[in-house]
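Please open the model in a viewer and keep the sequence panel at hand. The tour below proceeds by selection, stop by stop.

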Amino acid sequence: MEKLTFECAQKIVAKGMEKATADYKRPICISVCDAYGFLLAFGRMDGSPIRSIDISQRKAFTAVRTGVGTDVFQTRLLKNQHQASYYDLTFTALAGGNPIIGKDGAVLGAVGVSGLAPNEDQAITEAMAAKAAAGEL
């Protein structure tokens, strides 16, 4: 993939929701942002927590701006004894955000999920980012 399009972002949302249903049988909020951190697509499953709307968007924003998964960002924060807000007030260190990396290594966008356990959110974002990068959507 060379560019993250709106069509692809919508597919990421749909496939992420399918994965949440199939693997975890619980609802999520899922956000996809462009390379600058601006929202391209969003989905909120029936019954997902209201707080997950903003959290999923912040996870995607953090992943695209840092260029790493939010789980990796969290590890860096703990190592350096920093708060996420040290870098940006809207960053979050909650696992569940992953950048979408193009063939040339450039960050094309990111996906953020909220509503499940952090490791489950992260598993969905990793799967969706990998599918997008491989052109499987």
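Which residues in H1 meet which residues in H4? The coordinates under inspection are a predicted model. Select Cys8, Ile12, Lys15, Gly16, Lys19, Ala20 and Tyr24 in H1, then add Glu120, Ala123, Ile124, Ala127, Met128 and Ala132 in H4; these two groups are in contact with each other. By character, the residues of this contact comprise nine nonpolar, one polar and three charged.

Next, display the two helices in full, residues 6–24 for H1 and residues 118–133 for H4. Their axes come within 10 Å and cross at roughly 140°. Angles over 145 degrees would count as roughly antiparallel and those from 65 to 115 as roughly perpendicular; H1 and H4 are therefore oblique to each other. The handedness of the crossing of H1 and H4 is right-handed.

Remain on H1 and centre on Cys8, a residue of this helix. Is Cys8 buried or exposed? Its relative accessible area is 11%, and Cys8 is therefore buried, the limit for that class being under 20%. Now pick the C-alpha atoms of Cys8 and Ala41: the two residues are 33 positions apart along the chain, and the separation of these atoms is 9.2 Å.

**The sheet**

Select the four strands, which form an open sheet in the order E2-E1-E4-E3 with antiparallel pairing. Strand E2 (39–44) and strand E3 (97–101) are at the edges; each has a single partner strand, so one side of each lacks a neighbour in the sheet. On average, neighbouring strands of this sheet are turned by 15° against each other, direction ignored.

Zoom to strand E1 (residues 29–34), which is joined to E2 by five bridges in an antiparallel arrangement. Within this region, Ser31 is placed opposite Phe42 in E2.

**Helices across the sheet**

Add helix H2 (residues 51–66), which lies across E1, E2, E3 and strand E4 (107–114). The direction of H2 is at about 150° to E4. Return then to H4, which lies across E3 and E4 and runs at about 10° to E3.

**A final stop in H3**

Select helix H3 (residues 70–80) and locate Arg76 within it. How is Arg76 classed by relative accessibility? The value is 43%, so Arg76 counts as partly exposed. To finish, pick the C-alpha atoms of Arg76 and Val113: these residues are 37 positions apart along the chain, with 20 Å between the two atoms.

Technical notes. Residues are numbered from 1 along each chain as its sequence is written. This is a predicted model: local features need pLDDT of at least 70, side-chain atom pairs count only at pLDDT 80 or more; totals for chains, interfaces and linings use all residues. Side-chain values use heavy atoms; hydrogens and water are left out. Axes are lines fitted to C-alpha atoms, for helices over the stretch in contact, and angles run from 0 to 180 degrees between N-to-C directions. Angles under 35 degrees count as roughly parallel, over 145 as roughly antiparallel, 65 to 115 as roughly perpendicular and the rest as oblique. A crossing is left-handed if the near helix is turned anticlockwise from the far one by less than a right angle, and right-handed if clockwise. Contact means heavy atoms within 4.5 Å. Ala, Val, Leu, Ile, Met, Phe, Trp, Tyr, Cys and Pro count as nonpolar, Asp, Glu, Lys and Arg as charged, and the others, Gly among them, as polar. Buried means under 20% relative accessible area, exposed over 50%, partly exposed in between (1.4 Å probe, protein chains only). Two strands pair if DSSP finds at least two bridges between them.
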